[in-house]
2 protein chains.
Amino acid sequence: MRYTTSEENYLKAIFHLGHGQQEAVLTSEIASNLNTTAASVTDMLKKLSEKELVSYERYRGVRVTRKGERAALDVIRRHRLWEVFLTDVLKFGWDEVHHLAEELEHVSSDELISRLDRFLGHPRFDPHGDPIPDKNGKLLAGKVRSLDGVNQGSDWVVSGVLDDATPFLQFLNRKGIRPGIRLNVIHIDPYDQSMLVAVESGREEYLSFDVTQLITVAQA
Amino acid sequence: MRYTTSEENYLKAIFHLGHGQQEAVLTSEIASNLNTTAASVTDMLKKLSEKELVSYERYRGVRVTRKGERAALDVIRRHRLWEVFLTDVLKFGWDEVHHLAEELEHVSSDELISRLDRFLGHPRFDPHGDPIPDKNGKLLAGKVRSLDGVNQGSDWVVSGVLDDATPFLQFLNRKGIRPGIRLNVIHIDPYDQSMLVAVESGREEYLSFDVTQLITVAQA
DNA sequence: TTTGTAATTTAGGCAAGTCTAATTTATATT
DNA sequence: AATATAAATTAGACTTGCCTAAATTACAAA
């Protein structure tokens, strides 16, 4: 294992919270993201900084370095490839693969991932619509527009979600919403921004603003 | 993870060294098998004994309990199923999958293993000819006769090997020997028991006694 | 400019798993 | 029956990753 499971999880969290490089991330954000304490995060930040995986100044937050970003993208690539394997090959639901992939992603072998990638036909997106970094750590333009802020009456194709937690995905499943499904925005409430949409199946579903923020869409 | 990776590795080692239950295993055997020290083994034996996975009396060796045997068989099942996946699906050589399976076997999810088993078509043997325990921990009769002690002139089919280390398997690969291959025993040296065999491909290969002990065969 | 406060860091500890060095024990051999 | 010795165990320590509680520090508000 190039880095420990713990180190990889921190790098992934910092990379994600910093929206892919750039932004400084707060100790407390990382702690809440990884379900741990701020003190533990501080400890780990010192270690990662020592290894030049993040640039860290006490009390000022962290950001991944080029090297740390590369390591994070490698983990993300493994995670997303395993998710494709779990849904496409083993037929798991798209709402139940995140947790398993979280374990499989730490198995270290470039050869394994390279063969898995080939076997799966070099997929470009995972089951949640997230792009899979290539073997050089290149990440294609990702999900962009989210469903909130879209016009009333417009048509869209769901491209992905911004939260991979099983309960949220099951909630969407119950409404027939998942990547690839077409949506028509019937009405947007001017007061709370809640939305009524027509799903491909013909059903009409009500979506609160919080939910529309977590669904990304592409042109129909 | 039902048990830690370390606990699972110790259970597997004790189970194997005890030839599947029964026999008491020595601390030093475990230490050398797991590449660690006798002191570390003693520590772990106390923990496993605490959890009733092994029955252990100081200075007298250990043996797995019913519960420990079950846990070991679960790990072995996962290991061997992943090996089949790696060779049959990802096309790894039979000599390079042991190490990777050693990592994958600790990913904990009964559902994952059950689906993997179904996808692979419920295989009964791994690439080295070892039987795969079923989901209830039942192990079919395994490899039996090894090539040493066989009669001069007799014909056999290689059923498996008793050592999964890559260097040994590569050595056999170079001689064209692997499970499923037919062998004819041309000559056995009366002094050192070394053997000259004709391999399916027509090649004749010389095998030292140490090697013949590690190859298992079935009736041709 | 001072001060209150929330966020962060430090200090001190714990558990798992490992190690080396010292001690104990079983047992084989006189 | 005594004893030598190889194997096993204990003692004491280290590392990683985590925690709680007690300082610190940045910075916004007065």
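**Entry 1: the surface by strand C**

I count Ala, Val, Leu, Ile, Met, Phe, Trp, Tyr, Cys and Pro as nonpolar, Asp, Glu, Lys and Arg as charged, and the others, Gly among them, as polar. On that basis I sorted the residues of the surface near DNA strand C and got nine nonpolar, eight polar and four charged. A reminder to myself before going on: this is a predicted model.

Which residues come closest to strand C? Of the 21 residues that surround DNA strand C, the closest are A:Ser28, A:Thr42, A:Tyr56, B:Thr36 and B:Ser40. I then looked at the DNA side of these approaches, and 75% of the strand C atoms that come within 4 Å of the protein belong to sugar and phosphate.

Next I went through some phosphate contacts. A:Lys46 puts a polar side-chain atom 2.9 Å from a phosphate oxygen of DNA strand C. For A:Arg58, an N or O atom of the side chain is 3.1 Å from a phosphate oxygen of that strand. A:Tyr59 uses its backbone instead, with a polar atom there 2.9 Å from a phosphate oxygen of DNA strand C.

I also asked where this surface sits in the fold. Two or more residues each come from helix H2 (27-33) and helix H3 (38-50) of chain A, and from helix H1 (5-17) and helix H3 (38-50) of chain B. H3(B) holds the largest share, with five residues.

**Entry 2: the surface by strand D**

I repeated the search on the other strand. There are 21 residues around DNA strand D, and those that come nearest are A:Thr4, A:Thr36, A:Ser40, B:Ser28 and B:Tyr56. Of the strand D atoms within 4 Å of the protein, 77% are sugar or phosphate, and the rest are in bases.

The phosphate contacts I noted here run through side chains. A polar side-chain atom of A:Thr36 is 2.5 Å from a phosphate oxygen of DNA strand D. B:Ser28 brings a side-chain N or O atom to 2.7 Å from a phosphate oxygen of the strand, and for A:Thr37 the corresponding distance is 3.1 Å.

Helix H1 (5-17) and H3 of chain A, with helix H2 (27-33) and H3 of chain B, each give two or more residues to the surface near DNA strand D. Which helix gives the most? It is H3(A), with five residues. By class, I find nine nonpolar, eight polar and four charged residues near strand D.

**Entry 3: how the chains relate**

I superposed the two protein chains. Chain A can be laid on chain B with an RMSD of 0.2 Å, by a turn of 180° and a shift of 0.0 Å along the axis. That is the relation of a two-fold axis. In chain A, A:Leu104 has the C-alpha nearest the axis, at 3.7 Å. Do the copies meet through the same surface or through different ones? They meet through the same surface, because 100% of the interface residues of chain A are interface residues in chain B too.

**Entry 4: the nonpolar core**

The largest nonpolar core has 36 residues, and A:Trp82, A:Phe85, A:Leu86, A:Leu116, B:Trp82, B:Phe85 and B:Leu86 have the most contacts inside it. I traced the core to helix H4 (66-89), helix H5 (97-104) and helix H6 (110-119) in chain A and in chain B, each supplying at least two residues.

I picked A:Leu86 for a look at its neighbours. Beyond four places in sequence, A:Leu86 is in contact with A:Lys91, A:Phe92, A:Val97, A:Leu100, A:Ala101, A:Leu104 and, across in chain B, B:Leu112.

**Entry 5: an arginine in helix H4**

B:Arg80 caught my eye in helix H4 of chain B. Is B:Arg80 buried or exposed? B:Arg80 counts as buried because its relative accessible area is 12%, and the cut-off is under 20%. The side chain of B:Arg80 reaches the backbone oxygen of B:Pro131 at 2.7 Å. Other residues that B:Arg80 touches include B:His16, B:Asp126, B:Asp130, B:Ile132 and B:Leu139.

**Entry 6: two positive phi angles**

Lastly, I checked the backbone. A:Gln193 is not a glycine, yet has a positive phi of about 65°. A:Gln193 lies in the loop between strand S4 (182-188) and strand S5 (195-199) of chain A and is partly exposed, at 36% relative accessible area.

B:His122, not a glycine either, has a positive phi of about 50°. I found B:His122 in the loop between H6 and strand S3 (155-161) of chain B. B:His122 is partly exposed, with a relative accessible area of 46%.

Methods
Residues numbered from 1 in each chain as written. Chains lettered and ligands numbered in written order. Predicted model: local features only at pLDDT ≥ 70, side-chain atom pairs only at ≥ 80, totals over all residues. Heavy atoms only, no water. Near = heavy atom within 4 Å. Polar contact = N/O pair within 3.5 Å; in protein donor to acceptor, adjacent residues only side chain to side chain. Helix = DSSP H or I, 4+ residues; strand = E, 2+ residues; numbered from the N terminus. Core = buried A, V, L, I, M, F, W, Y, C linked by side-chain atoms within 4.5 Å. Buried < 20%, exposed > 50% of the residue type's maximum accessible area, 1.4 Å probe, protein only. Contact = heavy atoms within 4.5 Å. Least-squares fit on C-alpha atoms with pLDDT ≥ 70 in both.
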